[in-house]
Structures are given as structure tokens and as C-alpha cells.
Amino acid sequence: MYEIWLVMNIVWEIALGIWPLLLAAALLWAVLMIVALRRPGASWGRGMWHALAAGVAVAVLAFF
């Protein structure tokens, strides 16, 4: 449990130093999500399975 807490503290301290970049990235992501949701012809169902498969593959590779 201590190692998890230590990693969380290290990530927090790094984030404190670059918070303007993180805020800009979060705002950019939010704008892109709004634009994508407002597109009339977006087909979320088709892309979901490809994204899910890619996510599972990356998680398995990261585990090993």
C-alpha cells in the first residue's frame, strides 16, 4: 500500500509543476469531445469495438 501512495504523491508533485499544460490538454479534449458529439453522422457503435479491442491489447502488453 505504501508503494501506491508513494507513486500517487510523485505523480501529484509532477502534476503541480505542469498544471497549465494539463489544464490546456483537458480543455482541448473537452472541446474535441463536444465537437465529436455534435456531429450528425457520427457512428459511435462501429468504432467502440475497435477502440475496446485496442485498449485490451494495450492493457495486456502493459501487464507483461
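**Helices and a nonpolar surface patch in a predicted model**

Me: How many helices and strands does the secondary structure of the chain come to?
Reply: This is a predicted model, in which local features need pLDDT of at least 70, side-chain atom pairs count only at pLDDT 80 or more, and totals for chains, interfaces and linings use all residues. Residues are numbered from 1 along each chain as its sequence is written, and side-chain values use heavy atoms, with hydrogens and water left out. Helices (H or I, at least four residues) and strands (E, at least two) are DSSP runs numbered from the N terminus, and on that basis the chain comes to three helices and zero strands.

Me: What is the radius of gyration of the chain?
Reply: The radius is taken over C-alpha atoms, and the globule rule is 2.2 Å times the number of residues to the power 0.38. For 64 residues that rule gives 11 Å, and the chain lies well over it, so it is more spread out than a compact globule, with a radius of gyration of 17 Å.

Me: Which element gives the most to the nonpolar patch?
Reply: Patches are made of residues with over 30% relative accessible area and no salt bridge (a side-chain nitrogen of Lys or Arg within 4 Å of a carboxyl oxygen of Asp or Glu), like charges being joined within 9 Å and nonpolar side chains (Val, Leu, Ile, Met, Phe, Trp, Tyr) within 5 Å. Here Tyr2, Leu6, Ile10, Ile14, Ile18, Leu21 and Leu22 form such a surface patch. Helix H1 (2–17) and helix H2 (19–38) each give two or more residues, and the most, four residues, come from H1.

Conventions: Areas by Shrake-Rupley, 256 points an atom, 1.4 Å probe, with all protein chains shown as cover.
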